[in-house]
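Colleague: I have just opened this one and could use a guide. Could you walk me through it, starting wherever you like?
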Protein chains: 2
Amino acid sequence: MSIVTVGTVAFDAIETPFGKTDKIVGGAATYISWAASYFSDNMNIVSIIGDDFDMSELEKLRARGVNTDGIEIIEGEKSFFWSGKYHMDMNTRDTLVTDLNVLLKFNPVLPGSYKNPDFLMLGNIDPALQIKVVEQIDVKPKLVILDTMNFWMDIAMDNLKAVISKIDVITINDEEARQLSGEYSLVKAAQKIFTMGPKFVIIKKGEHGALLFHKDQVFFCPALPLEEVFDPTGAGDTFAGGFVGWLDKTKDISFDNMKRALIYGSAMASFCVEKFGTEKLRELSQEDIQARVNQFINLMQVDITLD
Amino acid sequence: MSIVTVGTVAFDAIETPFGKTDKIVGGAATYISWAASYFSDNMNIVSIIGDDFDMSELEKLRARGVNTDGIEIIEGEKSFFWSGKYHMDMNTRDTLVTDLNVLLKFNPVLPGSYKNPDFLMLGNIDPALQIKVVEQIDVKPKLVILDTMNFWMDIAMDNLKAVISKIDVITINDEEARQLSGEYSLVKAAQKIFTMGPKFVIIKKGEHGALLFHKDQVFFCPALPLEEVFDPTGAGDTFAGGFVGWLDKTKDISFDNMKRALIYGSAMASFCVEKFGTEKLRELSQEDIQARVNQFINLMQVDITLD
């Protein structure tokens, strides 16, 4: 089994009420790959970086079994850089700097070995680029999963709708689901988004958990109540990585297994926020992950016999 | 088994994006009693009304097995009246009118038959009155449950802390848990509230569900994703009524059964918001409730075998 993911590999500088970082490694594809690497042994990144990037970071990903052949390195250019500051509630943030740099030149070209993945994970990036990646795939994957955000709804809705029409699973947050559908109720929003193409709609609500909609079925996965959220950066990407990683590992795209994938994704995201950047995602064991999933099960478990 | 509840029996006038009502019957004790009446056959209200109240409403409660002997009727005075207008998101509202009327004279005196309940439900009301009710109970009930709100934290924190020190279960919303504890993390907030007296902390998050904390255990009950929320008034009281009603019916205050009580409370609250006021709570069958609880089970159910 295999996953191809497109997304940013970048530098971030993050400030939270608990501290601040210098430039650290970030980007959607980075978080997705670190999270998925605990489940899948065949993750392949498509991205672009400048020659300022810390190449030992690619080596660390390769040591986790991640294929970085699809990461283009542009000599004399700088990597994408984002800087943001979180407010006290950790749910809202101000963007301080967005330097697109090499992203302005990104024209994804898939290596031959990337053209037949079982799972295609379109990380949050310009939908015009997501479409280019979809068009280079030879055989329809088992699932195409798309992550996006309100920014693209504001400036590129037509392209976004074009890519949404070609995918199977969309992951967005609650406000984005409302913006995309024009419906306030998340139930109605999901129904409307089904008519745009996706068969599965995942609505992420951050500290309030995530909903999975499919036909007339719905599943709710809570977020783990944490004593401290240290840095929320990358939590959504990490969720996507755990989700697609679990599907790739288990080779099962039934609704029942997608529920499990939601829990594994949420478990990985709950680790992500415990330290800055990808730090926590680099030090996990399979036992850590199983113990965390067990916490989710205990959180949700109830034994009711209906009369 | 039996429940005594203290709280308002009142008139409300409600405006939502979907419509508006004239004066309709509301008040915490009203919602609690309607909800609990589907489970318990021994609910007893302590409250106060004016002679302007629609006495046929008390008759309807009595027909559901609710004892209204503890409702004092003040001749020549008006019942408590609240009027509010909900915003488009249905999570925020403006209070338009608060006429305390008879509430200013409320000095709860428990009838003799009320002094030995299995469950004491202190509805949201001045904590000084909640204390007066607690002090008239002869034998410690199986559980004393308290509902309160930020208003009392703002103006009567000392009295509120005094009553909190005497109860077993507190139900508050997430912002109130933060205000009461001074902790942003709900995990830390619950731990802090444990030190104030309660052994169980229920944090209500409205459309985002509810958390039950006890010692180092935590359970999450989602809210049912609804196509439409018509009127949220009384949802928290209805939740409390379903919760205590289930406990009274089952005579079991184990953590496992409290989880079930959370689901029954949430199921009743999900009905409450579907129509104005108590309207929906008057027309349910046991089959409706079982079907709704089944929807909650489906929403939460996942089958994971850990490696």
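Modeller: Let me start with two helices in chain A, bearing in mind that this is a predicted model. A:Ala28, A:Tyr31, A:Ile32, A:Ser33, A:Trp34, A:Ala35 and A:Ala36 in H1(A) meet a set of residues in H8(A), namely A:Asp237, A:Thr238, A:Ala240, A:Gly241, A:Gly242, A:Val244 and A:Gly245.

Colleague: What classes of residue make up the contact of H1(A) with H8(A)?
Modeller: The contact of H1(A) with H8(A) has eight nonpolar residues, along with five polar and one charged.

Colleague: And at what angle do H1 and H8 of chain A pack?
Modeller: Helix H1 of chain A, residues 28-36, and helix H8 of chain A, residues 235-250, pack at an angle of about 40°, and their axes are 7 Å apart. That angle makes H1(A) oblique to H8(A), and the crossing in which H1(A) passes H8(A) is right-handed.

Colleague: Changing topic, how is chain B placed relative to chain A?
Modeller: Chain B is superposed on chain A by a rotation of 180° with 0.0 Å of shift along its axis, and the RMSD is 0.0 Å. The two copies are thus related as by a two-fold rotation axis.

Colleague: Which residue of chain B comes closest to the rotation axis?
Modeller: That is B:His208, whose C-alpha comes to 3.0 Å from the axis. The same surface serves both copies, since 100% of the contact residues of chain B recur in chain A.

Colleague: How many residues does the contact take from each chain?
Modeller: There are 30 residues from chain A and 30 residues from chain B in the contact. On the side of chain B that touches chain A, the elements giving two or more residues are helix H7 (186-194), strand E14 (217-221), helix H9 (255-272) and helix H10 (286-300). The largest share there, six residues, comes from H10(B), and by class this side of chain B has 17 nonpolar, four polar and nine charged residues.

Colleague: You mentioned strand E14, so where does E14 sit in the sheet of chain B?
Modeller: Chain B has an open sheet of nine strands with mixed pairing, in the order E6-E5-E1-E9-E10-E11-E12-E13-E14. E14 is an edge strand of chain B, as is strand E6 (66-74), and each of them pairs on one side only. The twist averages 15° from one strand to the next.

Colleague: In what sense do E13 and E14 of chain B pair?
Modeller: Strand E13 of chain B, residues 210-214, and E14(B) pair in the antiparallel sense over five bridges, and B:Leu212 has B:Phe219 in E14(B) as its bridge partner.

Terms used. Residues are numbered from 1 along each chain as its sequence is written. Chains are lettered from A and ligands numbered from 1 in the order in which they are written. This is a predicted model: local features need pLDDT of at least 70, side-chain atom pairs count only at pLDDT 80 or more; totals for chains, interfaces and linings use all residues. Two residues are in contact if their C-beta atoms, placed from the backbone, lie within 7 Å. Helices (H or I, at least four residues) and strands (E, at least two) are DSSP runs, numbered from the N terminus. Ala, Val, Leu, Ile, Met, Phe, Trp, Tyr, Cys and Pro count as nonpolar, Asp, Glu, Lys and Arg as charged, and the others, Gly among them, as polar. Axes are lines fitted to C-alpha atoms, for helices over the stretch in contact, and angles run from 0 to 180 degrees between N-to-C directions. Angles under 35 degrees count as roughly parallel, over 145 as roughly antiparallel, 65 to 115 as roughly perpendicular and the rest as oblique. A crossing is left-handed if the near helix is turned anticlockwise from the far one by less than a right angle, and right-handed if clockwise. Copies are superposed by least squares on the C-alpha atoms of residues with pLDDT of at least 70 in both. Two strands pair if DSSP finds at least two bridges between them.
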